[in-house]
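User: I am new to this structure and should like to be guided through it by questions and answers. Please begin with the general character of a chain and then proceed to its parts.

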There are 2 protein chains.
Amino acid sequence: MHAQPALRKIVIFGVGLIGGSFALALRKAGAVGEVVGFGRSAATLEQARQLGILDHIGRDEAHEVDNADIVLVATPVAQMADIFARIAPHLGAHTLVTDGGSTKGDVVAAARANLGNKLEQFVPAHPIAGAEKSGPDAATAELYVGKRVVLTPLPENSPENVARVRKAWELCGANVSELTAAQHDEVFAAVSHLPHLLSFALVHDIAQRDNRDQLLSFAASGFRDFTRIAASSPEMWRDICLANREALLKEIMQYADELHGLYQALEQRDAAKLESVFSEARAVRSNWHPQ
Amino acid sequence: MHAQPALRKIVIFGVGLIGGSFALALRKAGAVGEVVGFGRSAATLEQARQLGILDHIGRDEAHEVDNADIVLVATPVAQMADIFARIAPHLGAHTLVTDGGSTKGDVVAAARANLGNKLEQFVPAHPIAGAEKSGPDAATAELYVGKRVVLTPLPENSPENVARVRKAWELCGANVSELTAAQHDEVFAAVSHLPHLLSFALVHDIAQRDNRDQLLSFAASGFRDFTRIAASSPEMWRDICLANREALLKEIMQYADELHGLYQALEQRDAAKLESVFSEARAVRSNWHPQ
């Protein structure tokens, strides 16, 4: 191919599953000329270079972000404020920033506090491609294919900037949609953060017991699938829960009410109520298929 | 093969996933001579015959159970009391009865009330091979391979009778273990019945909402796995919950306490507590692998 790639240069902060897969997907699409990476671990960066994720490991942030088309910040959310503050003065006029954070209200707040007059160049994103695996060796060019990426554009973003960030994620194979940051955080409190918390809670409940080895020895495929997400990163999920605290507290409360209703139905031997709840759940679950 | 099969004749009540797979597994092992089936649906029985599960469809229960080696009662638990009552007077001296029920206290009670002086010939069993699928077309010879079957022998059972029923399940490829019926029901309240109820509850909670379609459109693989068991049979799970009511009520109560603890930790922004609960859960879940 002699055609110019869609993106001449990208810079990635955090070359793990999310950042690494972004680079690999764009490479596979022939959509990127040069990939530069930054991160806190020299060993991880070197691993990413050897895996073909990076063309080279960045040394000077100011120099690299100055002429990049896209900067992807794919670190834990807790590190983003510092990164935004460091790169803001050096972002080129053409350079756009996006991120890979699972919560958006807190990322937007960090961007507002630290990107200054470059805020319009930041288009927040949440790629919905979580996995228990992490690190550059878990990254693949296919991670985003057919998966959703949610953009939560800011009022300050121009339509052109939103379109350019959307295009980058689409080049990775993703189905891109848009929500406000508040809508995003409410939706994911219900369909992601709450289930993770419930799954951790069940395993922790059983882990506390004297007969836990016996219990686990009889657990089967239902337990396996229900608790798969309880093997997720404790640090990441601690941060997600705290970042989306208000929406998640509401979800836990509502779920506790639901559970209380089932407890009462069972206590009263209300077979019709149990069957009706289970039937409604089954109908909805059977008709749903993840994207 | 000219050798006599281990089981000359088996009779199956309920030729669905559990009963059909028992027959197919014994056939594949060359361990059964003749398979006769009974059930409430003539169409299902005919389907089972055409699928090679049955040699023939039974007409006269008294005649068939008189000279069988094993009678497997694999119907919904609610139908078992009637079947026990009907077959008890006709069971041959050599004939043993086992079952496929997911709860054991209620099955044992039904047997005590209806098998009369044949009680010693009944060795209760719970094959842990649930699936959302059901019916004879879901049955396979491999369903039990490497899966657990829990026997809950009665004080009335002779060691020889327990050993013969154990052998039949082992011939299906299962790993057979033993618990009392009460132990069984407590263990499965924790590792199976509670997770099913929690999964139904989450989907029902979301199903009630005005924006449920939007919520489901953003749900991903974590939600998919957590809620897979919410597509299970509402009637079967209604019956299991009611059959194991006391143990399950205790489990719901304990889980609600666990959830309340996480709610408080989140409300108080107690990052250390959240991380410690999630870490303990992850450690236990990561080190566990289903049989």
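User: What percentage of the residues in chain A is buried?

Analyst: The model is a predicted one. A residue counts as buried if 20 or more other C-beta atoms lie within 10 Å of its own. Of the 291 residues in chain A, the buried share is 52%.

User: How many helices and how many strands does chain A have?

Analyst: The C-alpha trace of chain A spans about 70 × 40 × 35 Å along its principal axes. Among contacts between residues at least 6 apart in sequence, 77% join residues at least 24 apart. The secondary structure of chain A comes to twelve helices and eight strands.

User: Into which domains is chain A divided, and how many residues does each give to the contact between them?

Analyst: Chain A is divided into domain 1 (7–179) and domain 2 (184–286), and their C-alpha centres lie 32 Å apart. On the side of domain 1 of chain A that touches domain 2 of chain A, there are five nonpolar, six polar and three charged residues. The contact takes 14 residues from domain 1 of chain A and eleven residues from domain 2 of chain A.

User: Which strands stand at the edges of the open sheet of five strands in chain A?

Analyst: The order of this sheet is β3-β2-β1-β4-β5 (chain A), with parallel pairing. An edge strand has a single partner strand, so one side of it is left without a neighbour in the sheet. The strands in that position in chain A are β3 (56–57) and β5 (96–99).

User: Which residue of β5(A) stands opposite Val73(A)?

Analyst: Strand β4 (residues 70–73) of chain A pairs with β5(A) in the parallel sense, over four bridges. Within β5(A), the residue opposite Val73(A) is Asp99(A).

User: Which residues of strand β5 of chain B point the other way from Leu96(B) and Thr98(B)?

Analyst: In chain B, strand β4 (residues 70–73) and β5(B) pair in the parallel sense over four bridges, and Val73(B) stands opposite Asp99(B). In a regular strand the side chains alternate between the two faces of the sheet. Leu96(B) and Thr98(B) point one way from β5 (residues 96–99) of chain B, and all the residues named for this strand are buried; those pointing the other way are Val97(B) and Asp99(B).

User: What distance separates the end C-alpha atoms of helix α1 of chain A?

Analyst: Helix α1 (residues 17–28) of chain A has twelve residues, which at 1.5 Å a residue should span 16 Å. The model agrees with this expectation, as its end C-alpha atoms are apart by 16 Å.

User: Against which elements do the buried residues of α1(A) pack?

Analyst: Ten of the twelve residues of α1(A) are buried, so this helix is largely enclosed by the rest of the structure. Those buried residues include Leu17(A), Ile18(A), Phe22(A) and Leu26(A). The elements of chain A against which they pack are β1 (7–13), β2 (32–38), α2 (42–50), β4, β6 (125–127) and α6 (159–171).

User: Is Arg269(A) buried or exposed?

Analyst: Arg269(A) is placed in the loop between α11 and α12 of chain A, and its phi is near 55 degrees, a positive value in a residue other than glycine. A residue counts as exposed if 12 or fewer other C-beta atoms lie within 10 Å of its own. Arg269(A) has 11 such atoms within 10 Å, and is therefore exposed.

User: Which helix gives the most to the side of chain A that touches chain B?

Analyst: The contact takes 73 residues from chain A and 73 residues from chain B. On the side of chain A that touches chain B, at least two residues each come from α7 (181–207), α8 (212–218), α9 (221–226), α10 (234–243), α11 (245–267) and α12 (271–286). By class, that side has 45 nonpolar, 13 polar and 15 charged residues. With 18 residues, the element that gives the most is α7(A).

User: Why do the copies meet through the same surface?

Analyst: The comparison concerns which residues each copy brings to the interface. The copies meet through the same surface because the share of interface residues of chain A that are also interface residues in chain B is 100%.

User: In chain A, which residue has the C-alpha nearest the axis that relates the chains?

Analyst: Chain A can be laid on chain B by a turn of 180 degrees and a shift of 0.0 Å along the axis, with an RMSD of 0.0 Å. That is the relation of a two-fold axis. At 2.1 Å from this axis, the nearest C-alpha in chain A is that of Phe226(A).

Methods: Residues numbered from 1 in each chain as written. Chains lettered and ligands numbered in written order. Predicted model: local features only at pLDDT ≥ 70, side-chain atom pairs only at ≥ 80, totals over all residues. Contact = placed C-beta atoms within 7 Å. Nonpolar A, V, L, I, M, F, W, Y, C, P; charged D, E, K, R; others polar. Least-squares fit on C-alpha atoms with pLDDT ≥ 70 in both. Pairing = 2+ DSSP bridges. Expected span 1.5 Å × (residues − 1). Domains from an automatic or database assignment.
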